[in-house]
Amino acid sequence: MAAARPFRRPVLLTGLVTAGLATAVVVVPQSSAAAEGLRVHDVQGDTRLSPYAGQRVTDVPGVVTGVRGYGSRGFWIQDPTGDGDDATSEGVFVFTNAAPAVAVGDEVLVSGRVGEYYYGGREAGGQSVTQLSSPSVTVVSSGNELPAPHPLDAAALPDAYAPAGDPAAEDGIEGLTLRPDAFALDRYESLEGMAVEIGAAPVIGPSTPYHELWVTVEPGENATPRGGVRYASYEAPNPGRLKVETLAPVGQHPFPTANVGDTLAGPVSGPLDYDEFGGYVLAAREPLRVEAGGLTPEVTRPQRPGELAVATYNVENLHPGTDQATVDRLAAGVVTHLASPDVLALEEIQDNSGPTDDGTVAADETLRRFSDAIVAAGGPRYAWRGVDPVDGADGGQPGGNIRNVFLFNPERVSFVDRAGGDATTATEVVRRHGRASLSLSPGRVDPANAAWTDSRKPLAGEFRFRGRTVIVVANHFASKGGDEPLHARHQPPRRVSEEQRVAQAEAVGGFVREVLATERTARVVVLGDVNDFEFSPTTRALTASGALRSAVFALPPGERYTYVFQGNAQVLDQTLLSPAIRRFDYDIVHVNAEFAEQASDHDPQVLRFRP
């Protein structure tokens with residue numbers, strides 16, 4: 001689930017690092033002497049850090065190319081002359097805090113203190129923005145011609161994404177001389193603060209409530225059939241992705257609604273900014289216009305009489321207080337788009353009081369409301385099984401006590417109930433009549449394992465379909481919180497959350513191996529929001545020793561995604577199956593992630609097979 005984002009409120013301290021609500025600035029110890037006679041390219045230098053950080057500079061000349069009157073308020077200036085060095089940017093942001101008293105086209109002289117500003121705090125791993133703060137500004141003239149914007153297109157971006165840094169160095173790649181002809185990340189940084197321009201561009205990440213969307217300036221790069229860009233490996237971050245915002249007040253010029261497959265009409269020009277929520281940003285000077293591409297939500301086929309349909313859906317913090325329109329859309333997703341699967345593993349079911357932190361852990365009201373909505377949408381009357389968590393022990397939104405739950409259609413499939421499952425007791429694999437079964441159903445898998453600290457514990461259940469037993473394990477692994485972004489100053493970025501997910505995958509994989517050791521031909525389905533890619537160490541741990549295989553590899557590469565993050569269509573949700581399930585039909589049903597209007601931020605998936 002995407003985190004809520006506070007407004008950007010700059011915090012400027014000198015000689016130390018500080019974290020504000022979402023921001024931090026680092027400035028080296030100040031010099032009392034002011035540097036004179038400098039141009040913008042001198043201030044920027046040819047690395048990611050200004051050689052004048054911490055010093056006051058006087059009368060830096062430039063033409064105002066953009067004004068931002070909200071959030072981190074200020075304006076950009078650009079030297080129309082330049083030094084002819086591709087590694088040194090000719091633009092810089094001037095942070096004013098108050099509403100800027102300049103206009104686009106003003107020729108100005110700016111005096112201020114040079115700083116390196118880290119959105120989200122330096123500890124988040126992102127790059128900094130070179131800026132001038134506490135400025136005094138002299139307007140020399142107005143109505144001047146603006147510097148020609150630098151074109152940003154496929155020809156401008158090298159194939160290689162970023163230089164390799166020392167993984168142990170805290171500064172990462174910050175001190176390296178920029179090589180904009182060799183690395184895309186260096187090309188962007190060499191244009192930081194400068195006016196850039198893109199032509200008409202495919203929308204690859206839908207518009208958000210924060211008035212932003214993502215486009216690609218490299219059409220065709222890892223393209224999906226529905227108009228997006230697929231994140232296919234750690235080595236292919238898709239450097240053509242670019243976030244676009246607008247400097248025009250959204251109260252006067254509403255931000256357009258955009259879905260993947262739409263086209264941002266061009267040309268679009270404005271200063272190139274940077275923030276922690278996506279990296280480099282084109283701050284468009286004019287309102288944006290989007291041309292609809294006509295993308296529609298997918299509908300999967302119904303299961304055939306002899307097929308068992310097992311699906312999974314992250315319903316994003318569903319609780320009794322969720323607005324009715326969202327509940328109805330989720331229910332329609334189950335009935336219409338997933339074709340009413342026989343078994344449905346749900347993630348992020350909250351307790352009966354939702355995010356109110358009052359000690360409630362039961363979720364029967366949440367599940368009753370959702371199952372009623374499914375019936376109202378024309379679906380079956382699902383029954384449910386789950387295990388209430390210990391209050392506050394499973395992470396997620398504070399107070400919500402999210403957990404995994406099974407819905408199942410008792411007209412098609414039966415649940416084998418074995419009482420005794422609770423939040424802290426592990427279900428075990430036992431042999432009954434020569435077959436693998438569960439000691440507790442529903443029951444939790446290895447809940448005392450430290451891998452599940454502040455994380456959702458897997459839920460195992462035993463189902464019977466046409467006389468056959470199928471063991472299903474619903475999962476919601478630890479989030480990627482704490483990982484560095486793709487555009488981090490450390491290259492490759494540090495993925496600190498990965499260790500916990502790998503440990504969780506080893507625990508689930510070990511449980512499945514116990515099942516198969518008891519019954520070699522047992523039919524096991526492991527599914528849910530594993531919060532990791534099909535090429536990740538987490539997936540390798542799940543599939544170790546051949547106990548499981550990921551169904552996503554049965555799809556064409558362009559269809560392998562359940563989530564869109566900062567313009568990258570990627571796999572976070574997976575369905576894995578034991579070797580006895582040889583023939584199957586698997587579908588990721590794209591109903592949410594590509595659209596501005598979402599019932600959840602995840603796409604559901606369904607597996608159909610004959611046990």
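A crossover is right-handed if, with the strands pointing away from the viewer, the path from the first strand over the helix to the second runs clockwise. In this predicted model, strand β26, helix α5 and strand β27 make such a right-handed β-α-β unit. The briefing covers that unit, a helix pair and a six-stranded open sheet.

**The β-α-β unit and its strands**

- Helix α5 spans residues 498-518 and belongs to the unit together with β26 and β27.
- Strand β26 covers residues 468-476, and its pairing with β27 is parallel, with seven bridges.
- One bridge partner pair here is V470 and R523, the latter in β27.
- Strand β27 also pairs with β31, residues 573-577. That pairing is antiparallel and has five bridges.
- D529 has D573 of β31 standing opposite.
- Strand β27 runs over residues 523-529, and seven of its seven residues are buried, so the rest of the structure largely encloses this strand. Buried here means under 20% relative accessible area.

**The α3/α4 helix pair**

- Two packed helices are described by the angle between their axes and the distance between the axes.
- For α3 (residues 324-337) and α4 (residues 364-376), the angle is about 60° and the axes are 8 Å apart.
- The two helices α3 and α4 are therefore oblique to each other.
- Their crossing is right-handed.
- On the α3 side, the contact is made by Q324, V327, D328, L330, A331, V334 and V335. On the α4 side, R369, F370, A373 and I374 take part.

**The six-stranded sheet**

- Six strands make up an open sheet with mixed pairing. Their order is β19-β20-β18-β17-β33-β32.
- β19 (383-386) and β32 (584-588) are the edge strands. Each has a single partner strand, so one side of each lacks a neighbour in the sheet.
- On average, neighbouring strands of this sheet are turned by 20° against each other, direction ignored.
- At the β32 edge, β32 pairs with β33 (residues 605-609) in the antiparallel sense, over five bridges.
- Within that pairing, I588 has Q605 of β33 as its bridge partner.

**Where helix and sheet meet**

- Helix α3 lies across two strands, β17 (308-318) and β18 (343-349). Both strands belong to the six-stranded sheet.
- Relative to β17, helix α3 runs at about 165°.
- Helix α3 thus appears in two settings: it packs with α4, and it lies across β17 and β18.

Conventions: Residues numbered from 1 in each chain as written. Predicted model: local features only at pLDDT ≥ 70, side-chain atom pairs only at ≥ 80, totals over all residues. Heavy atoms only, no water. Buried < 20%, exposed > 50% of the residue type's maximum accessible area, 1.4 Å probe, protein only. Helix = DSSP H or I, 4+ residues; strand = E, 2+ residues; numbered from the N terminus. Pairing = 2+ DSSP bridges. Axes fitted to C-alpha atoms, helices over the stretch in contact; angles between N-to-C directions. Parallel < 35°, antiparallel > 145°, perpendicular 65-115°, else oblique. Left-handed = near helix turned anticlockwise from the far one by under 90°. Contact = heavy atoms within 4.5 Å.
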